[in-house]
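Biologist: Could you walk me through this protein, one question at a time?

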Amino acid sequence: MICSELKIPYKIRLTSRQEAFDDLRDGRSDLTMALSAGYLDEYGQYGENTITLFTQSVATPKSKPVEIYNFKDLGKHRVIVNDNSLSHHLMLDYGWADNAIVTKDIKGAIQQLSADEEGQIVWNTLSLKWIIHQNQIDNLNITPVNMPHGEYKFMSNDPQLLSKIDSINRRSEERRVGKECRS
């Protein structure tokens with residue numbers, strides 16, 4: 001919608017996350033959405049506007065007590081985290097790598113957690129809910145974890161393109177404020 005409004009021709013191509021970042025860095029694509037996090041800075045620059053926020057939760061078997069409620073709890077308990085995820089990077093940054101059980105197959109880890117009813121997974125809330133729902137898993141609880149949230153933003157190596165995209169939000173905000181002032 002944004003590209004259409006700005007009359008920018010576009011082609012959307014779905015690829016793996018890593019391929020999208022590599023394509024952006026290597027000039028094969030112009031724009032992607034990415035978690036605004038320091039560990040992705042090598043791939044491009046971020047726009048000003050946050051597209052979406054995501055929170056973190058812990059998935060635990062219903063038969064076990066929840067041990068993770070806040071960020072500091074990750075320093076005291078072993079948890080499964082998705083490789084290269086926000087939770088994984090935060091645990092590395094805070095020196096809690098020994099507590100991170102890293103997986104490249106989070107869907108398989110969720111299914112295994114359900115089958116074994118042992119362990120806990122910290123990952124973004126909506127993705128946890130989606131995988132659990134898609135796989136009709138009913139023996140896991142999802143509990144919010146009070147920890148830093150993630151912000152998805154547009155990412156590009158073209159500052160002019162990012163500025164144009166950011167201008168849509170500025171114009172929208174100006175129209176909203178104008179309406180409020182007239183009311």
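**Salt bridges, strands and loops**

Modeller: Sure. The structure holds 11 salt bridges, and keep in mind that this is a predicted model.

Biologist: Let's begin with arginine 25. Which residue does the side chain of arginine 25 meet in a salt bridge?

Modeller: Side chains of opposite charge can pair when their charged atoms come close. For arginine 25, the N to O distance in the pair is 3.7 Å, and a salt bridge needs the nitrogen within 4 Å of the carboxyl oxygen. The partner is glutamate 42.

Biologist: And how many residues apart are arginine 25 and glutamate 42?

Modeller: Arginine 25 belongs to helix α2, residues 17-25. Glutamate 42 is in the loop between β1 (32-35) and β2. The pair links distant parts of the chain, and the separation is 17 residues.

Biologist: Is glutamate 42 buried or exposed?

Modeller: Let's take both partners. Arginine 25 has a relative accessible area of 36%, so arginine 25 is partly exposed. Glutamate 42 reaches 53%, and the cut-off for the top class is over 50%. That makes glutamate 42 exposed.

Biologist: Next pair: which residue forms a salt bridge with aspartate 83?

Modeller: Aspartate 83 lies in the loop between β3 and α3 (86-93), while the partner lies in the loop between β4 (100-103) and α4 (106-116), so the pair ties together parts that are 21 residues apart in sequence. The N to O distance is 2.8 Å. The partner is lysine 104.

Biologist: What is the relative accessible area of lysine 104?

Modeller: Start with aspartate 83, which counts as partly exposed at 24% relative accessibility. Lysine 104 falls in the exposed class. The value for lysine 104 is 73%.

Biologist: Now glutamate 151 and lysine 153. Is lysine 153 buried or exposed?

Modeller: These two form a salt bridge, with the closest N and O atoms 3.9 Å apart. Glutamate 151 counts as partly exposed at 27% relative accessibility. Lysine 153 is at 13%, and anything under 20% gets the other label, so lysine 153 counts as buried.

Biologist: Which residues are joined into one network by salt bridges that share partners?

Modeller: Shared partners are what build this network. Arginine 25 and glutamate 42, the pair we met at 3.7 Å, are a salt bridge of their own. The full network is Arg13, Glu19, Asp22, Asp23, Arg25, Asp26, Arg28 and Glu42.

Biologist: Let's step back. How many helices and strands does the protein have?

Modeller: Read the elements from the N terminus and you get α-α-β-β-β-α-β-α-β-α-β-α. Count each letter in that string, and the protein has six helices and six strands.

Biologist: How many bridges join β2 to strand β6?

Modeller: β2 and β6 (residues 140-156) run antiparallel. One of the matched positions is proline 61, whose bridge partner in β6 is leucine 140. The number of bridges joining β2 to β6 is 12.

Biologist: And which residue in β5 stands opposite alanine 59?

Modeller: β2 also runs antiparallel to strand β5, residues 121-124. Four bridges join β2 to β5. Opposite alanine 59 stands isoleucine 121.

Biologist: Time for tyrosine 69. Leaving aside its neighbours within four places in sequence, which residues is tyrosine 69 in contact with?

Modeller: Tyrosine 69 is found in the loop between β2 (45-61) and β3 (79-82). With a relative accessible area of 47%, tyrosine 69 is partly exposed. Its contacts beyond those neighbours are Thr143, Pro144, Val145 and Asn146.

Biologist: What is the phi of lysine 7 near?

Modeller: Most residues other than glycine have a negative phi, and most peptide bonds are trans. Lysine 7 has a positive value instead. It is found in the loop between α1 (2-5) and α2, and is exposed, with a relative accessible area of 73%. Phi of lysine 7 is near 60°.

Biologist: Last one: what is the phi of glutamine 136 near?

Modeller: Glutamine 136 sits in the loop between α5 (125-134) and β6. Its relative accessible area is 72%, so glutamine 136 is exposed. Here too phi is positive in a residue other than glycine, with a value near 50°.

Notes: Residues are numbered from 1 along each chain as its sequence is written. This is a predicted model: local features need pLDDT of at least 70, side-chain atom pairs count only at pLDDT 80 or more; totals for chains, interfaces and linings use all residues. Side-chain values use heavy atoms; hydrogens and water are left out. Helices (H or I, at least four residues) and strands (E, at least two) are DSSP runs, numbered from the N terminus. Buried means under 20% relative accessible area, exposed over 50%, partly exposed in between (1.4 Å probe, protein chains only). Contact means heavy atoms within 4.5 Å. Two strands pair if DSSP finds at least two bridges between them.
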